[in-house]
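Biologist: I should be grateful for a close look at one part of this protein, namely the way its helices pack against one another. Please take me through that part step by step.

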Amino acid sequence: TMALLVITGNTIHIMSSMIPIFIMPIAVLDAVHIISDFFDRYQKTRDRQKTIESVMQHLFKPMLFTSLTTTAGFASLALTPIPPVRVFGIFVAVGVMLAWFWTIVFIPAYIMRLSEDKLANFGRKLDEEDEPRGILAKLGHFTHRRSKLIVMITLMTVGLAAFGISKIRINDNPTRWFESDHPIRIADRVLNEHFGGTYNAYLSFRYTPAAY
């Protein structure tokens, strides 16, 4: 992703330097899901190919859709009027999809190359009579019984978020990073009193002595 950033002529600045920080934890998630599901299923068949095929069949759509929604969220930053933020959003979105692609290609291939000895004690044995336990199972029952309430609360939250977003006012003037009595802040105020919008303008004054 960073190579694509540089190849396409973009510079590395404060925002773009954070792209790897955002991509790396997201890139790990799909690999964790695949390995975890493989761990739960392997001892039932002790057949790598059948197990990994079952795992990928079970997880392919969820991993794809979560990656697409994450990509859409970061790609929406391309609509902002701030160039560094646009670059950040676009390339994080690209990185998320690259991470998804390489995960579903590399992890199964890596598992297939492991020796049988290394997988001999790998996996969790689960009897057929066992049922899922713990907080996730309880949460599943709760969401099933209170589905209408959860949907209503979610819609209310979305409405509240939309109202909050409409109140956002972007001010990326870097002169505000300085104290109010700093010479740069004072110069900015004076310039704006005489020339409105000087923050977005580049003024060049050249003095040429008059010939007498």
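Modeller: Let us begin with the packing of α2 and α4 in this predicted model. The two helices pack at an angle of about 30°, and their axes are 9 Å apart. An angle under 35 degrees counts as roughly parallel, and therefore α2 is roughly parallel to α4. Their crossing is right-handed. On the side of α2, the contact is made by Ile19, Phe22, Ile23, Ile26, Ala27, Asp30, Ala31, Ile34, Ile35 and Phe38. On the side of α4, the residues include Val87, Phe88, Phe91, Trp100, Ile107 and Ile111.

One residue of this contact, Trp100, deserves attention. Trp100 belongs to helix α4. Its relative accessibility is 12%, and because buried means under 20%, Trp100 counts as buried. The C-alpha atoms of Trp100 and Ala31 are separated by 8.8 Å, although these residues stand 69 residues apart along the chain. If neighbours within four places in sequence are left aside, Trp100 is in contact with Asp30, Phe60, Met63, Leu64 and Ser67.

Helix α2 also packs against α3. Here the angle is about 155°, with the axes 9 Å apart. Angles over 145 degrees count as roughly antiparallel, and therefore α2 and α3 are described as roughly antiparallel to each other. This crossing, too, is right-handed. From α2, residues including Phe22, Asp30, Ile34, Phe38 and Tyr42 take part. They meet residues of α3, among them Arg48, Ile52, Val55, Met56, Met63 and Phe74. Phe38 may serve as an example: not counting residues up to four places away in sequence, Phe38 touches Arg48, Thr51, Ile52, Val55, Ile111, Leu119 and Phe122.

The nonpolar residues come next. In soluble globular proteins, nonpolar side chains tend to be buried together. The largest nonpolar core here has 16 residues, and those with the most contacts inside it are Ile34, Phe38, Ile52, Met56 and Met63. Two or more residues of this core come from each of α2 (19-45), α3 and α4. The most is given by α3, with six residues. Another core, of ten residues, lies apart from it and includes Leu5, Phe74, Val87 and Phe91.

Phe74 leads us to the aromatic rings. Six aromatic pairs are found in a search of the whole structure. One of them joins Phe74 and Phe88, whose ring centres are 6.2 Å apart and whose planes stand at 70°, an edge-to-face arrangement. Because Phe74 lies in helix α3 (residues 48-75) and Phe88 in helix α4 (residues 83-112), the pair ties together parts that are 14 residues apart in sequence. Both Phe74 and Phe88 are buried. Ring pairs also bring in Phe22, so that Phe22, Phe74 and Phe88 are linked into a cluster.

Finally, these helices may be placed within the whole chain. The protein chain has seven helices and zero strands. Of its 212 residues, 23% count as buried. Among the contacts in the chain with a separation of 6 or more, 62% are accounted for by residues 24 or more positions apart.

Technical notes. Residues numbered from 1 in each chain as written. Predicted model: local features only at pLDDT ≥ 70, side-chain atom pairs only at ≥ 80, totals over all residues. Heavy atoms only, no water. Phe/Tyr/Trp six-rings, centres within 6.5 Å; stacked < 30°, edge-to-face > 60°. Helix = DSSP H or I, 4+ residues; strand = E, 2+ residues; numbered from the N terminus. Buried < 20%, exposed > 50% of the residue type's maximum accessible area, 1.4 Å probe, protein only. Core = buried A, V, L, I, M, F, W, Y, C linked by side-chain atoms within 4.5 Å. Contact = heavy atoms within 4.5 Å. Axes fitted to C-alpha atoms, helices over the stretch in contact; angles between N-to-C directions. Parallel < 35°, antiparallel > 145°, perpendicular 65-115°, else oblique. Left-handed = near helix turned anticlockwise from the far one by under 90°.
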